[in-house]
Amino acid sequence: PQVTFSDDNSRVTAVLPTGESLEVLLYGATVISWKDGAGDEKLWLSDAAKLDGTKAVRGGIPLVFPVFGTAPDHAQTSKLPQHGFARTSRWEFLGKSTSESESAGGAKAAASSSSSKATAAAADQSVKLDFGLSSANLDDKTRALWPFAFSLIYGVTLNRDSLTTSLVVTNDDDKPFDCQVLLHTYLRVEDISNVSITGLDGASYVDKVDGAKTKTQSSGAVQITGETDRVYTPAAAPSAPVVVVEGGRAGFSVTRDSLGDVVVWNPWADKAAAMADFAPADGFRRMVCVEAGSVADFQTLEPGDAFEGAQTIAIGSRAAAA
Ligand code: TA6
């Protein structure tokens with residue numbers, strides 16, 4: 001895999017030998033592009049997204065920490081901006097690591113051609129980029145709003161047919177702090193009217209479009225036919241996939257580690273029109289946010305404690321099998 005920096009050091013790009021690619025803005029450690037081997041973009045990024053560090057990126061995978069939304073009744077985080085400060089801070093690039101896995105075909109090929117020199121097994125390469133943010137990196141204003149010593153390590157792993165992003169939060173302070181974590185993923189779809197989301201059957205959810213009432217998802221797939229803003233807490237294990245199906249084919253299969261909640265959001269026409277950085281105006285028909293997080297309540301990290309939460313988004317045939 002190749003990992004290159006942009007000239008202005010604002011972003012890092014990784015490309016696998018098989019063509020898949022990833023682009024991460026150091027501002028917010030925001031993944032702004034993820035392309036499959038055919039060069040098709042899998043994430044939605046607004047045409048008006050700010051990529052110059054003046055505002056959180058409208059699209060890709062913004063990081064939400066230490067608070068999801070705003071929490072006026074939660075003393076520790078009540079002074080923070082919506083979704084906290086991770087997505088609007090400058091992260092450092094900590095390095096890359098690559099790994100190869102013998103693809104099954106390669107192994108079979110090697111076994112079957114014992115007489116001749118086995119062809120080099122086609123190795124499925126992957127690359128992991130690590131990013132860091134700590135209280136030491138924060139500007140004074142932000143640190144004053146949330147005065148705790150912490151460090152975050154964000155790992156983004158590009159595989160041939162999946163993307164994994166994991167966040168490790170460590171309490172470096174001598175007192176406990178509460179936090180929430182969420183990966184605010186904007187998935188790209190062809191047409192939202194052909195999309196349904198499975199894997200949420202029976203889940204309880206908070207409907208933020210209907211007075212934040214708690215409801216239970218009936219069985220069957222979730223359709224998006226208007227503004228949708230729901231915090232699901234599926235009863236099934238986080239490893240059970242939430243699948244974005246489009247035109248009868250599984251487009252994305254999202255599995256989680258230690259992130260018990262899934263937010264499903266689509267602003268629809270009016271809310272999209274009200275966001276200056278949301279373009280084109282009908283772009284809401286080309287996206288759906290499926291956001292893995294731990295946001296239904298706060299978790300308390302004791303001094304020295306660490307929490308790791310991760311998501312894996314599988315695409316194409318792997319997703320169908322999931
Ligand atoms: O994830 C859903 C949500 O909390 C919505 O309520 C909406 O506010 C969205 O996030 C976008 O928030 P932002 O601060 O990025 O405009």
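**Salt bridges and annotated sites in a predicted model**

Lysine 42 is buried, with a relative accessible area of 16%; here, buried means under 20%, exposed means over 50%, and partly exposed lies in between (1.4 Å probe, protein chains only). The model is a predicted one, so local features need pLDDT of at least 70 and side-chain atom pairs count only at pLDDT 80 or more, while totals for chains, interfaces and linings use all residues. Residues are numbered from 1 along each chain as its sequence is written, and side-chain values use heavy atoms, with hydrogens and water left out.

The partner of lysine 42 is aspartate 36: the two form a salt bridge in which the closest N and O atoms are 3.9 Å apart. A salt bridge is a side-chain nitrogen of Lys or Arg within 4 Å of a carboxyl oxygen of Asp or Glu. Why can such residues pair at all? Side chains of opposite charge can do so when their charged atoms come close. Aspartate 36 is buried too, its relative accessible area being 13%.

The structure holds 13 salt bridges, and two further examples show other combinations of burial. Aspartate 173 meets lysine 175 through their side chains, with 3.2 Å from N to O. In this pair aspartate 173 is buried because its relative accessibility is 14%, whereas lysine 175, at 36%, counts as partly exposed. Aspartate 207 and lysine 215 are joined in the same kind of way, by a salt bridge of 3.0 Å between N and O. Aspartate 207 is buried at 7% relative accessibility, and lysine 215 is partly exposed at 25%. This last pair does not stand alone, since shared partners link the salt bridges of Asp207, Asp210, Lys213 and Lys215 into one network.

Attention now turns to the annotated positions. In an unreviewed UniProt entry, the feature "active site" is placed at His184 and Glu291. UniProt positions follow the numbering used here, feature names are shortened, and annotations may be inferred rather than shown by experiment. The two residues span 108 residues in sequence, yet their C-alpha atoms are no more than 4.9 Å apart, so they gather at one spot.

Histidine 184 lies in the loop between strands β10 (177–183) and β11 (186–188). Strands (E, at least two residues) and helices (H or I, at least four) are DSSP runs, numbered from the N terminus. Histidine 184 is buried, with 7% relative accessible area. Residues up to four places away in sequence aside, histidine 184 touches Gly60, Ile61, Pro62, Val64, His83, Trp265, Cys289 and Glu291; contact means heavy atoms within 4.5 Å.

Glutamate 291, for its part, sits in strand β20 (residues 287–301). Is glutamate 291 buried or exposed? A relative accessible area of 1% makes glutamate 291 buried. Beyond its neighbours within four places in sequence, glutamate 291 has contacts that include Phe68, Asp261, Trp265 and His184.

The same unreviewed UniProt entry type supplies a "binding site" annotation, which covers Arg58, Gln82 and Arg87. Although these span 30 residues in sequence, no two of their C-alpha atoms are more than 13.6 Å apart, so they too gather at one spot. Glutamine 82 belongs to the loop between β5 and β6 and is partly exposed, with a relative accessible area of 43%. Outside the four places on either side in sequence, glutamine 82 contacts Gly69, Thr70 and Arg87.

Arginine 87 is also found in the loop between β5 and β6. With a relative accessible area of 16%, arginine 87 is buried. Among the contacts of arginine 87, again leaving aside neighbours within four places in sequence, are Tyr27, Thr30, Pro62 and Gln82.

One more residue of this loop completes the picture. Alanine 71 lies between β5 (63–64) and β6 (92–102) and counts as buried at 13% relative accessibility. Which residues does alanine 71 contact, leaving aside its neighbours within four places in sequence? The partners are Thr77, Ser78 and Phe298. Histidine 83 is 12 residues from alanine 71 along the chain, and their C-alpha atoms are separated by 9.4 Å. Histidine 83 has already appeared in this account, as one of the residues touched by histidine 184.
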